[in-house]
There are 2 protein chains.
Amino acid sequence: MSPLSNSTPLHSSLENPFSLTDLPPQETGLVIIDLQSIKRNYRTFEKLIAPATIAPVIKANAYGLGMIPVCETLNQEGASEFFVATIDEGIALKKAVPSVNVFVLYGLFANTIDIFFEHQLIPVLNTIEQIQRWNQFAALKNTKLSALIHFDTGMSRTGLTAKEAAWLINNKHAFENLNILYIMSHLACSEVPSHPMNQKQKDAFNKFSKAFPEIKRSLAASTLIKMDATYHNDMARIGYGLYGFCYNTPEINLENCLHVYSRIVQLRDVIPGDPVGYGATYIVEQPGRLATLSMGYADGYHRFLHNYKTYVYIGPYKAYLVGRISMDFCVVDVTHIPEEYLYEGAWVEMIGQHIKVADLVSGTDFVPHEVPISLGNRYHRHYLK
Amino acid sequence: MSPLSNSTPLHSSLENPFSLTDLPPQETGLVIIDLQSIKRNYRTFEKLIAPATIAPVIKANAYGLGMIPVCETLNQEGASEFFVATIDEGIALKKAVPSVNVFVLYGLFANTIDIFFEHQLIPVLNTIEQIQRWNQFAALKNTKLSALIHFDTGMSRTGLTAKEAAWLINNKHAFENLNILYIMSHLACSEVPSHPMNQKQKDAFNKFSKAFPEIKRSLAASTLIKMDATYHNDMARIGYGLYGFCYNTPEINLENCLHVYSRIVQLRDVIPGDPVGYGATYIVEQPGRLATLSMGYADGYHRFLHNYKTYVYIGPYKAYLVGRISMDFCVVDVTHIPEEYLYEGAWVEMIGQHIKVADLVSGTDFVPHEVPISLGNRYHRHYLK
């Protein structure tokens, strides 16, 4: 039998090490989500924009990390307003953490008004029709209902058009029964701070929102770490920045919260001429050794990664991908790695201490969170609290 | 309120139409999996290779479709042998459908021998060490244990090397306590039938397996629809072909089993110069109309699709993607589509009657099943039985 060093803590670098002895032996992967890192990132953003506040974005299961544990963690830290995309996400969140305000980005979708009301969800109103619908419903119920108004300044995706926004400025009674918590807009090109779209969108947003001086405003998202304070306003909607799925700036250190480990399924000696993977796109040139790992594109390790110099860590050693990524496997070159690290069942860092999510897609056309969002259900999950 | 034609069956083309009235109004997407299509595809393969048999490949939750319903359906159709990747998949399958033989591709992983035995899972033995381990265990238990032996002929991923295979030919006693159901290998380049690797792998496989004339053999997978009968052997392992995630040949018509519908979240009039999506990569040229749809890369509609002429169907009309795909949304140009089809909440075909999974990735570097495998949990699922 191969030695599986079950007694070695995998996570010696973390405050709260996690031991492999807790895992059933058949586990093929391990996802550790460090909620302490998310907390510290939250505080980093808080300091950066105080007195403005932060509303964490936890849609799509908190970018694959787990909506409920992330919400509970940040709620303890003081966050009380959260963004989700869909109504079902909102319902699940309200059931688990009833005290928080849940903002639903999809808005007051057709025929869902009763569901918003029943579950006390707060719609992001994206059209004049949605504003009128929610306003009439509030009148009918003889109450004030909360909402956000979303003005689109350059995404052409959701939110009021410029024409609708102009109409609203002259028809403020359209939301007379509503308690508008924020007017919001979303930047399209803020990954590139010098992009002329940013200034243009900010100007349009300011012009609109200043017609409603009594209402709070929200424009910035995670990219605010690169933008000046004129983008901050009253509240920022922070998603991937909280999870550390981005590059840091010289001033701001966001911690990676995600650690993904696969295992060595098989080791093999190879000789020059041996082809590796589908399409035989990689041919071995020197006598060496390969390790087949238990992670493939069914686990979010997308096939596009094979085109780049993607690597993993086995102990303190880098090992580069060779050949195409399969559905359930990928293969790395381990020729240079000492024998003691190489055994069937050995744990391999795919994302974590040495490899941030952003590193994986560096130099590609992809965004970091495309990997965690597809992590799937085959890996054991553990939350460090 | 917008009219949502709840009474119109979405699936008039199918034998067993599914009505939208069954859905809660807040649903943002609908996945219909037509198990009848999977059955018919199974029969198509069966006819093609009889008297050889088919072992369906249902790993990774049957490529995102649902492992248990797919297994139950094909078991009724006569399939009794199924492939999964991981041990946990195997345990879940055996619990749900105890009568079937479950072959675990990851093999007799370190320290998992008791789990294989307890759950009556059948390992695909990928190394000499695994063969010896299972053989010794059988002796210890004083019984015959079933297994497959996997000989790698050109993937360098899992399975015996040529050297190990040569050793085994001279050491047949190494599996004297085992009941070897099949010797298998896997083709690396069978998407291209003329690729010289195919003949080479077949020759190596034949040479090895003929040393064990009493053991059945398996080499072919879904691509057998393009290959001649010398590749068929005794059993074929069929995954995406059963689900119709491939192009048909002139002779063989495999049915698409997957239908994915998103909804129109918002409609917007646009004018020349309006930018669409992140990075403002698309700028509107003519006055027109856009629809924002409730499907993004969190739902498997991967971001890479925006680089190609990807389209959806709204009623009988094609609508092309514009701008980048976001996490929860994508945007299509609907300028040319009649008003009656365009309303908040309208259902939109992303994959289905007009758009096969293979169409989505046509002309790209990607494989069809990368989309369904990441479908995620936000869409309502319905199985047509």
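**Exercise 1. The loop of Pro51(A) and its counterpart**

Locate Pro51(A) among the elements of chain A, and state which peptide bond geometry precedes this residue.

*Solution.* Step 1: Pro51(A) sits in the loop between helix 1 and strand 2 (53-56) of chain A; helices (H or I, at least four residues) and strands (E, at least two) are DSSP runs, numbered from the N terminus. Step 2: the bond from Ala50(A) to Pro51(A) is cis, with omega near 5°. Step 3: in chain B, Pro51(B) belongs to the loop between helix 1 (35-49) and strand 2 (53-56), and a cis peptide bond with omega of about 10° joins Ala50(B) and Pro51(B). Step 4: Tyr63(B), a residue other than glycine, has a positive phi near 55°; Tyr63(B) lies in helix 2 of chain B. For context, most residues other than glycine have a negative phi, and most peptide bonds are trans.

The model is predicted: local features need pLDDT of at least 70, side-chain atom pairs count only at pLDDT 80 or more, and totals for chains, interfaces and linings use all residues. Residues are numbered from 1 along each chain as its sequence is written, while chains are lettered from A and ligands numbered from 1 in the order in which they are written.

**Exercise 2. Packing of helix 1 and helix 3**

Describe how helix 1 and helix 3 of chain A pack, giving the angle and the axis separation.

*Solution.* Step 1: two packed helices are described by the angle between their axes and the distance between the axes. Step 2: helix 1 (residues 35-49) and helix 3 (residues 67-76) of chain A pack at about 50°, with axes 10 Å apart; axes are lines fitted to C-alpha atoms, for helices over the stretch in contact, and angles run from 0 to 180 degrees between N-to-C directions. Step 3: helix 1 and helix 3 of chain A are therefore oblique to each other (angles under 35 degrees count as roughly parallel, over 145 as roughly antiparallel, 65 to 115 as roughly perpendicular and the rest as oblique). Step 4: helix 1 of chain A passes helix 3 of chain A in a right-handed crossing, the near helix being turned clockwise from the far one by less than a right angle. Step 5: Leu35(A), Ile38(A), Lys39(A) and Tyr42(A) of helix 1 meet Pro69(A), Val70(A), Thr73(A) and Leu74(A) of helix 3; contact requires C-beta atoms, placed from the backbone, to lie within 7 Å. Step 6: by class, this contact of helix 1 with helix 3 of chain A holds six nonpolar, one polar and one charged residues (Ala, Val, Leu, Ile, Met, Phe, Trp, Tyr, Cys and Pro count as nonpolar, Asp, Glu, Lys and Arg as charged, and the others, Gly among them, as polar).

**Exercise 3. The parallel sheet**

Give the strand order of the six-stranded sheet in chain A, and identify the strands at its edges.

*Solution.* Step 1: the order is 3-4-5-6-7-8 in an open sheet of chain A with parallel pairing; strands pair if DSSP finds at least two bridges between them. Step 2: strand 3 (81-84) and strand 8 (216-218) of chain A stand at the edges, each with a single partner strand, so one side of each has no neighbour in the sheet. Step 3: the twist averages 30° from one strand to the next. Step 4: strand 3 of chain A is joined to strand 4 (residues 101-104) by four bridges, and Phe83(A) has Phe103(A) as its bridge partner in strand 4. Step 5: in chain B, two bridges join the parallel strands 5 (residues 122-125) and 6 (residues 145-150), with Leu148(B) as the bridge partner of Val124(B). Step 6: helix 4 of chain B lies across strand 3 and strand 4 (101-104) of chain B, at about 175° to strand 4.

**Exercise 4. The two copies and their interface**

State which symmetry relates the chains, and characterise the side of chain B that touches chain A.

*Solution.* Step 1: a turn of 180° and a shift of 0.0 Å along the axis lay chain B on chain A with an RMSD of 0.0 Å, with superposition by least squares on the C-alpha atoms of residues with pLDDT of at least 70 in both copies. Step 2: the two copies are thus related as by a two-fold rotation axis. Step 3: in chain B, the C-alpha nearest the axis is that of Ser374(B), at 2.9 Å. Step 4: 62 residues of chain B are in contact with 61 residues of chain A. Step 5: strand 10 of chain B gives the largest share of the side of chain B that touches chain A, five residues. Step 6: the residues of that side divide into 31 nonpolar, 20 polar and 11 charged. Step 7: 98% of the interface residues of chain B are also interface residues in chain A, so the copies meet through the same surface.

Notes:
Two residues are in contact if their C-beta atoms, placed from the backbone, lie within 7 Å.
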